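User: I'd like to learn how to read a protein–ligand model feature by feature. Could you walk me through one?

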Amino acid sequence: MKVVVLFGAPGAGKGTQAKRIEERTGLKHLSTGEMLRAEVEAGSEIGKQIAGTLAQGSLVPDDMIINLIEGCITGRKCPQCHGVDSCRKGFILDGFPRTIRQAEALESLLAVQGGAVDSVILLEVDENILAERIRTRVLESGDSRRADDSVETLKNRLRIYHKQTEPILPFYEARDMVVRVDGMKPIDDVTEELNDIITEKPRAPRAASCAC
Ligand code: AMP
């Protein structure tokens, strides 16, 4: 099983690329942002607790998100596999981990299953381009579920990215896992490059099991 962490600032294209890579490789795209938005939409207890946090672009508590991912990795409950074994081949994590604590928890959870993260791919995009992309996403997508998609909230999300999420990189760099990809290239070229990295350069052939 292959575990890829797709890393980058909000608006870097992680979600778009992860969907494309899922189609190409069969690795399951797991987006913690999507999982959380689904909770808000469903009006669940968790959803009610986190709606404001999501709208502000702040991070939900580590324990909550680790619990969600644990459900998937262990097969106890994966909100995006829906009980079938679509995670078995592996998964692309989009939006997780976002803090050092989450990165450490991911390492421990996978180790229990005899696995590990194979690669961490950093999609690099200039900040002025990120703002432009979010502006376009707001205008074009009309995704009413994304209360956090505004240029104002992007500033908070970027601040949090630099303060809490970017510091994870040295954690993975120390393990020689980080591959940098220019996320400003044409979308198809980025997909091609990601596909090559994921399919041709397996770093850790260890097996993790996601039984969901
Ligand atoms: P995303 O779709 O990945 O941009 O995530 C949307 C929002 O969901 C973020 O701005 C956070 O409020 C929340 N979120 C997603 N993933 C995480 C995570 N790993 N840790 C904490 N909050 C998260």
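**Reading the fold and the ligand site**

Analyst: Happily! Start with the order of elements: from the N terminus on, the protein chain runs β-α-β-α-α-α-β-α-β-α-α-α-β-α. That makes nine helices and five strands. Keep in mind that this is a predicted model.

User: How many residues does the protein chain have, and what share of them count as buried?

Analyst: The chain has 212 residues, and 50% of them count as buried. On the outside, about 10100 Å² is exposed, with carbon and sulfur atoms supplying 50% of that area.

User: What share of the contacts comes from residues far apart in sequence, 24 or more positions?

Analyst: Take the contacts with a separation of 6 or more: residues 24 or more positions apart account for 78% of them. Val190 gives you one residue to look at. Val190 sits in helix 9, residues 187-200. The C-alpha atoms of Val190 and Gly13 are 9.5 Å apart, although their positions lie 177 residues apart along the chain.

User: Is Val190 buried or exposed?

Analyst: The test is the relative accessible area, and buried means under 20%. Val190 has 2%, so Val190 is buried. Beyond its neighbours within four places in sequence, Val190 is in contact with Gln17, Leu123, Val181, Asp182, Gly183 and Lys185.

User: Now a helix. Why does the length of helix 4 agree with what one should expect?

Analyst: The general idea is to multiply 1.5 Å by one less than the number of residues. Helix 4 covers residues 62-74, which is 13 residues, so the helix should span 18 Å; the end C-alpha atoms are 18 Å apart, in agreement.

User: Which residues of helix 4 are buried, and what do they pack against?

Analyst: The buried ones are Asp62, Met64, Ile65, Ile66, Leu68, Ile69, Gly71, Cys72 and Ile73. Their packing partners are strand 2 (28-31), helix 2, helix 3 (45-56), strand 3 (90-94) and helix 5 (100-112). Just after helix 4, look at Gly75, with a positive phi of about 85°.

User: On to the ligand. Which residues come nearest to the ligand?

Analyst: Thr32, Ser58, Gly95, Gln102 and Arg157 come nearest, out of 17 residues around the ligand. By type, the shell divides into six nonpolar, six polar and five charged residues. Helix 2 (residues 32-42) gives the largest share of the shell, four residues.

User: Which polar atoms should I look at around the ligand?

Analyst: Look for pairs of N or O atoms within 3.5 Å. A polar side-chain atom of Gln102 lies 2.9 Å from a ligand nitrogen. For Arg37, an N or O atom of the side chain is 3.0 Å from an oxygen atom of the ligand. Val60 takes part through its backbone, where a polar atom is 3.2 Å from a nitrogen of the ligand. As for cover, the ligand on its own has 480 Å² of accessible area, and the protein covers 96% of that.

User: Where is Thr32 placed, and what does its side chain reach?

Analyst: Thr32 is placed in helix 2. Its side chain reaches the backbone oxygen of Gly95 at 3.1 Å. With 2% relative accessibility, Thr32 counts as buried. Leaving out neighbours within four places in sequence, the contacts of Thr32 are Ile65, Ile69, Asp94, Gly95, Phe96 and Arg98. Two of the helix 4 residues named as buried, Ile65 and Ile69, appear in that list.

User: Which backbone features should I check?

Analyst: Most residues other than glycine have a negative phi, and most peptide bonds are trans, so exceptions deserve a look. One is the peptide bond from Phe96 to Pro97, which is cis with omega near 0°. Pro97 is found in the loop between strand 3 and helix 5. Another is Asp176, which is not a glycine but has a positive phi of about 55°.

User: Where does Asp176 lie, and is Asp176 buried or exposed?

Analyst: Asp176 lies in the loop between helix 8 (168-173) and strand 5 (178-182). Its relative accessibility is 57%, so Asp176 counts as exposed.

Notes. Residues are numbered from 1 along each chain as its sequence is written. This is a predicted model: local features need pLDDT of at least 70, side-chain atom pairs count only at pLDDT 80 or more; totals for chains, interfaces and linings use all residues. Side-chain values use heavy atoms; hydrogens and water are left out. A residue is near a molecule or strand if one of its heavy atoms lies within 4 Å of it. A polar contact is a pair of N or O atoms within 3.5 Å; within protein, one must be able to donate a hydrogen and the other to accept it, and residues adjacent in sequence count only if both atoms are side-chain atoms. Accessible areas come from the Shrake-Rupley method with a 1.4 Å probe; for residues, only the protein chains shown count as cover. Ala, Val, Leu, Ile, Met, Phe, Trp, Tyr, Cys and Pro count as nonpolar, Asp, Glu, Lys and Arg as charged, and the others, Gly among them, as polar. Buried means under 20% relative accessible area, exposed over 50%, partly exposed in between (1.4 Å probe, protein chains only). Contact means heavy atoms within 4.5 Å.
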